[in-house]
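Please open the model in your viewer, with side chains available for display, and follow the selections below in order.

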Amino acid sequence: MTHDVAATGERIERLIAELTGEGARARAEELVREVVGLYGAGLERVMAIVTEAGAAGALRGLVEDPLVSGLLVLHDLHPLTTAERVRAALDGHPNGHGAELLSVEGGVVRLRLEEAFGGCPSSRSTVTESIERAIARVAPEVTRVDVESAVTLLQIGRRPS
């Protein structure tokens, strides 16, 4: 069974929101915090044990697993930064070679795409959406991806003759 960390988190929030009765919601939120804290502490120990053992293959396997990686991000235990994970997603994406990572700040990723789509807006849109999905898989904490075009940037910099 495959679990999506973000989807599960959203479902938990919906279930808590549906609770009624005095104190029920607050107690449910406290319960979730306690359970998440417990699992986070356990994951922290797992990461420490694997790291201390120098088990690079096991560590790689953990961070490459989508579920485990998502949980590591959730608990701020992922050994790679958001920028490193975004770069890896771009490197592994068929159109990632034409994307330059400009910045990662406050959950916003800024990219510059080479204009390699023949000026076709639908091709550019398809590539952009595909890159955004790849980034969301490895960096669920990213809330927005801003994409600039190298051609657009050049046109903005032109001065009238």
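Is Glu-100 buried, partly exposed or exposed? In this predicted model, Glu-100 has a relative accessibility of 40%, and so counts as partly exposed.

Keep Glu-100 selected and add Arg-112, with which Glu-100 forms a salt bridge whose closest N and O atoms are 3.3 Å apart. Because Glu-100 belongs to strand 1 (residues 99–105) while Arg-112 belongs to strand 2 (residues 108–113), the pair ties together parts that are twelve residues apart in sequence. The partner, Arg-112, is likewise partly exposed, its relative accessible area being 26%.

Stay on strand 2 and select Arg-110, then bring in Glu-148: the side chains of these two residues meet in a salt bridge, with an N to O distance of 2.9 Å. Glu-148 is found in strand 3 (residues 144–149) and Arg-110 in strand 2, so this pair ties together parts that lie 38 residues apart in sequence. Both ends can be coloured by accessibility, which is 32% in relative terms for Arg-110, counted as partly exposed, and 22% for Glu-148, also partly exposed.

For the last stop, select Arg-144 and Asp-146, which form a salt bridge with their closest N and O atoms 2.9 Å apart. Arg-144 counts as partly exposed at 45% relative accessibility, and Asp-146 falls into that class at 25%.

To place these stops in context, note that the structure holds five salt bridges, among them the Glu-100 to Arg-112 pair, the Glu-148 to Arg-110 pair and the Arg-144 to Asp-146 pair.

Notes: Residues are numbered from 1 along each chain as its sequence is written. This is a predicted model: local features need pLDDT of at least 70, side-chain atom pairs count only at pLDDT 80 or more; totals for chains, interfaces and linings use all residues. Side-chain values use heavy atoms; hydrogens and water are left out. A salt bridge is a side-chain nitrogen of Lys or Arg within 4 Å of a carboxyl oxygen of Asp or Glu. Helices (H or I, at least four residues) and strands (E, at least two) are DSSP runs, numbered from the N terminus. Buried means under 20% relative accessible area, exposed over 50%, partly exposed in between (1.4 Å probe, protein chains only).
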